[in-house]
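Work through these short exercises with the structure in view. Try each task before reading its solution.

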Amino acid sequence: MQYCQRFTENYYLCGATVGVQGVGEHTVDNFVSMANHQRAAVVMFVSNLEQGATVDLELLQATDAAGTDAKAIAGKAITQIAEGGTRVVIEVRTEEMDVDNRFAYLGWNITIGGGAATLAAIGFLGGTNQAAVSTVNWDEIVD
């Protein structure tokens, strides 16, 4: 069966937090504009936690790519993770953001308490307003 579009033509890879993360807050380096997209998702997999460690993930919105005036998006946070092998996803639509006050940039914050965590959080933009999204963020695409 042939599909009309690839996954990579529908979903834009917009950022990642990967590896062993220490105690504290870990905010994505660059916020990404939602101007040409209608929805986004951040997928996180926590593979290992030190004993007593916890992980929290929340989506943030900002007024520019540098994260200016960053604030939480209401209702877009996971239940705290306290064991490895946990997979979560948070989805958001642009209408759930404070776009009236120019909060059109998406990011996320991971908070780790009690010990280090090995995890991967990857963000995707979808619902593009264009025919196909840019694939420049991928090093290789195999059909």
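**Exercise 1. What share of the contacts in the chain with a separation of 6 or more comes from residues 24 or more positions apart?**

Step 1. The model is a predicted one. Two residues are in contact when heavy atoms lie within 4.5 Å.
Step 2. Keep the contacts with a separation of 6 or more; residues 24 or more positions apart account for 82% of them.
Step 3. Now take one example. F103 and T63 stand 40 residues apart in sequence, yet their C-alpha atoms are 4.5 Å apart.

**Exercise 2. Find where F103 sits, and decide whether it is buried or exposed.**

Step 1. Locate F103 in the loop between β7 (86-93) and β8 (105-113).
Step 2. Buried means under 20% relative accessible area. F103 has 9% relative accessibility, so it counts as buried.
Step 3. List its contacts, leaving aside neighbours within four places in sequence. They are Q61, A62, T63, D69, K71, M97 and D98.

**Exercise 3. Determine which elements the chain contains, and in what order.**

Step 1. Count the elements: one helix and nine strands.
Step 2. Read along the sequence. The pattern is α-β-β-β-β-β-β-β-β-β.

**Exercise 4. Does the radius of gyration of the chain agree with or depart from that of a compact globule?**

Step 1. For 143 residues, a compact globule would have a radius of gyration near 15 Å.
Step 2. The chain has 16 Å, which agrees.
Step 3. Add the extents. The C-alpha trace spans about 45 × 40 × 20 Å along its principal axes.
Step 4. Add the burial. Buried residues are 40% of the 143.

**Exercise 5. Work out how many aromatic pairs there are, and classify each.**

Step 1. The count is two aromatic pairs.
Step 2. F7 and Y11 are stacked, at 4.8 Å centre to centre with 25° between the planes.
Step 3. F7 and F124 have ring centres 5.7 Å apart and planes at 80°, so this pair is edge-to-face.
Step 4. Place the second pair. F7 belongs to helix α1 (residues 7-10) and F124 to strand β9 (residues 117-128), so the pair ties together parts 117 residues apart in sequence.
Step 5. Check accessibility. F7 is partly exposed at 47%, Y11 is partly exposed at 35%, and F124 is buried at 16%.
Step 6. Put the rings together: F7, Y11 and F124 form one aromatic cluster.

**Exercise 6. How many positive and negative side chains does the chain have?**

Step 1. There are 7 positive and 17 negative side chains.
Step 2. The centres of the two sets lie 7 Å apart.

Definitions and conventions:
Residues numbered from 1 in each chain as written. Predicted model: local features only at pLDDT ≥ 70, side-chain atom pairs only at ≥ 80, totals over all residues. Heavy atoms only, no water. Helix = DSSP H or I, 4+ residues; strand = E, 2+ residues; numbered from the N terminus. Rg over C-alpha atoms; globule rule 2.2 N^0.38 Å. Buried < 20%, exposed > 50% of the residue type's maximum accessible area, 1.4 Å probe, protein only. Lys, Arg positive; Asp, Glu negative; His and termini not counted. Charge placed at Lys NZ, Arg CZ, Asp CG, Glu CD. Phe/Tyr/Trp six-rings, centres within 6.5 Å; stacked < 30°, edge-to-face > 60°.
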